[in-house]
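Here are a few notes from my read-through, meant to be followed with the structure open beside you. I've kept them to the parts I'd look at together.

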Amino acid sequence: MTDSGKAAFLAHLGEVLAGIEAEGLMKRERLIHGPQGAHVEVAGRRLLNLCANNYLGLADDPRLVAAARGAMEGQGYGMASVRFICGTQDMHRALEARIAGFLGMEDSILFAACFDANGGLFEPLLGPEDAVISDSLNHASIIDGIRLCKAKRYRYANSDMADLEVQLQAARADGARFILVATDGVFSMDGYLAKLAEIRALADRYGAMVMVDDCHATGFMGPQGRGTPAHAGVSVDILTGTLGKALGGALGGYIAGPQPVIDLLRQRARPYLFSNALPPAVVAAGLAALDIVEAADDLRAQLFENARYWRAGLEDTGFRLLLGEHPIVPVMLGDAVLAQNMASALYDRGVYVAGFFFPVVPKGQARIRTQMNARLTRDDLDFALDAFRAAGKAVGALV
């Protein structure tokens with residue numbers, strides 16, 4: 001590219017960025033000093049943190065830190081290779097077996113992130129003779145993964161079982177060889193749970209398989225935190241998830257399922273084949289996190305008690321919420337600028353949250369997505385409710 005061509009390209013990008021700024025849609029990052037936790041330090045201030053996926057408060061747990069430190073001392077810092085060349089240690093297979101056993105699956109396969117897991121799932125398994133039916137509010141990683149495969153694509157309105165049946169009928173009528181229904185277990189912007197019992201029944205009626213992304217459920221939904229299928233009392237065919245939320249909050253994703261599925265993914269899933277293996281520290285902490293989570297009924301009980309108290313307090317204050325039982329509690333504001341102003345006003349009052357707006361959520365549905373943490377105390381929640389009340393009045397979100 002010539003200098004003038006490059007200058008024109010950069011000027012174009014500047015105009016796009018200026019447009020994002022003018023619409024009030026610019027996302028900004030604040031620097032956290034120290035560990036992730038129920039409280040964080042930002043710019044020298046200690047803030048109550050209501051916007052992390054740290055559901056069980058394990059991100060700074062000393063047991064995970066000790067496991068990670070021990071792994072680095074004994075196994076090194078990183079693998080410097082992809083798995084099939086020279087990047088697999090015994091602990092990688094130990095974690096994959098542990099995840100599979102925890103989820104009731106035959107095997108699992110690790111990825112750098114669940115975005116990579118979902119991105120690598122569909123293309124090796126489904127061909128042009130097959131069909132994939134996706135919920136309209138599925139995570140971007142599922143959408144991108146489906147785009148990479150050659151299967152026929154169908155889409156149903158969020159949690160609309162009548163529409164799902166229409167799409168199943170269409171896929172059958174189009175002669176699909178295999179049909180896979182793909183859904184989030186929890187729709188992360190809303191905190192809604194997928195209707196897995198109904199999805200399973202419909203899939204069985206039409207001879208389809210079910211895939212669930214359980215990132216916002218593994219570790220705390222269902223008995224022993226085994227996720228939304230366990231919560232709904234059903235089995236699914238393929239589960240994807242992450243170590244980066246309730247299971248310690250670092251990074252790493254996985255796919256769990258039948259042995260032939262996992263075996264084929266080891267051969268053909270591109271994000272697996274062309275990405276370095278997870279570092280030993282992450283793998284060791286993941287193993288420790290699963291041990292903690294399996295016995296963490298007390299943390300799960302506290303998490304959901306916090307969610308109930310928080311939801312009731314916000315409703316009493318006058319905020320409009322989305323209905324739900326999940327620790328994600330969205331405060332609906334509608335306008336992107338209002339959501340950003342509200343987040344800023346809360347920051348000034350010692351509460352760290354983020355405004356969500358288009359394109360993360362549809363236009364007109366801007367919100368503050370709050371998330372509960374088992375380590376939050378009743379005093380923390382009362383402090384946050386006072387801050388929400390004052391900030392809401394200050395920015396015009398409350399009368």
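**Notes on the sheet and a helix pair**

1. Let's begin at one end of the sheet, bearing in mind that this is a predicted model. S13 and strand S14 (residues 328-334) run antiparallel and are joined by two bridges. If you want a spot to zoom in on, arginine 320 sits opposite methionine 332 in S14.

2. Zooming out, the sheet is an open one with four strands, ordered S13-S14-S17-S16, and the pairing is antiparallel. The edges are taken by strand S13 (320-321) and strand S16 (355-356); each has a single partner strand, so one side of each has no neighbour in the sheet.

3. Now for the helices on the sheet. Helix H13 (residues 297-317) packs there and touches S13, S14 and strand S17 (366-371). The direction of H13 makes about 20° with that of S14. Helix H14 (residues 336-348) also packs on the sheet, touching S14, S16 and S17, and its direction makes about 35° with that of S17.

4. Elsewhere, have a look at helix H5 (residues 114-125) and helix H10 (residues 259-268). Their axes are 10 Å apart and they pack at an angle of about 100°, which means H5 is roughly perpendicular to H10.

5. Who touches whom in that pair? On the H5 side you'll find Gly120, Leu121, Glu123, Pro124 and Leu125, which meet Val261, Leu264, Leu265 and Arg268 in H10. Sorted by class, the contact of H5 with H10 has six nonpolar residues, one polar and two charged.

How values were computed. Residues numbered from 1 in each chain as written. Predicted model: local features only at pLDDT ≥ 70, side-chain atom pairs only at ≥ 80, totals over all residues. Heavy atoms only, no water. Axes fitted to C-alpha atoms, helices over the stretch in contact; angles between N-to-C directions. Parallel < 35°, antiparallel > 145°, perpendicular 65-115°, else oblique. Contact = heavy atoms within 4.5 Å. Nonpolar A, V, L, I, M, F, W, Y, C, P; charged D, E, K, R; others polar. Pairing = 2+ DSSP bridges.
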